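Reader: I'm new to this and would like a close look at one part of a protein. Could you walk me through it slowly?

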Amino acid sequence: LCYYYKADVSAICSAKNHELAKSLGAKTVYDYSNAGLDRIEGNFDFIIDNVGNLDASFFKRLLKNEGIGIIVGFKSFGHMLRTNLKSMLPSFGKRKLTVLSAKYKRSDLQDVQELFSKGDISANIQGVYDLENTKEAMKILESGHASGKLIIQIALKKLFSKSFLDNLQNTNNPYYGTKVVEQIIKIIKSKSLDGILKKTFFDIK
């Protein structure tokens, strides 16, 4: 998105992900495992920490005096506390350091979806996992080395399968008898699985 809106984008990642970062719009790529963060030079308007392991001194050194640092989560409570306290010191100047708190709006999602459909922006998907493999996906995320989005796929096909509907038919709700079960089955059968899978994630009813 930053690249689409004509921002001059720099990225920090390992050497193996340099080409990926450039393909997503980064003009300059720094290798944290080789050059080290202390050797990065610049005067940035915004810095986004997607891993949550940068120190307040990093933001202070590289942000403009009225620049903004955005942190997407923290690896530990101690790191979060130290970073926030340091950013409150007078020496931090007019720079701002904030933790990401996003509010989703349908109109925003529609705008992003349109950019994706036109090919103006793209997202790197590292892997798609079934619901039962969520633990494996979380381990990759917690390692801090995920190179793309990890998608948890709900088993819609199982919901629409004949075996599931047959088992559901034999379920007796102790409070409402079979009426609720019959209603659920009717709703499922009234929907098209292919139609749902083609929908965008924000307009499924």
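Which residues does H79 touch, not counting residues up to four places away in sequence?

Author: Keep in mind that this is a predicted model. H79 touches G52, N53, L54, D55 and F74, leaving aside residues up to four places away in sequence. You'll find H79 in helix α3. Is it buried or exposed? H79 has a relative accessible area of 10%, and anything under 20% counts as buried, so H79 is buried.

Now stay with the helix and look at its surface. α3 covers 77-87, and F77, L81, L85 and M88 form a nonpolar patch on the surface. Together those four have about 460 Å² of accessible area. M88 itself sits in the loop between α3 and β5 (96-99). With a relative accessible area of 63%, M88 is exposed, because the cut-off for that word is over 50%.

Follow that loop on to β5 and you meet the sheet. Three strands make up this open sheet, in the order β3-β4-β5, and the pairing is parallel. β3 (44-49) and β5 stand at the edges with a single partner strand each, so one side of each has no neighbour in the sheet. From one strand to the next, the twist averages 15°. Want to zoom in on one pairing? β3 and β4 (residues 63-71) pair in the parallel sense over five bridges. Here I47 stands opposite G69 in β4.

Definitions and conventions. Residues numbered from 1 in each chain as written. Predicted model: local features only at pLDDT ≥ 70, side-chain atom pairs only at ≥ 80, totals over all residues. Heavy atoms only, no water. Patch = residues over 30% accessible without salt bridge, like charges linked within 9 Å, V, L, I, M, F, W, Y side chains within 5 Å. Areas by Shrake-Rupley, 256 points an atom, 1.4 Å probe, with all protein chains shown as cover. Salt bridge = Lys/Arg side-chain N within 4 Å of Asp/Glu carboxyl O. Helix = DSSP H or I, 4+ residues; strand = E, 2+ residues; numbered from the N terminus. Buried < 20%, exposed > 50% of the residue type's maximum accessible area, 1.4 Å probe, protein only. Pairing = 2+ DSSP bridges. Axes fitted to C-alpha atoms, helices over the stretch in contact; angles between N-to-C directions. Contact = heavy atoms within 4.5 Å.
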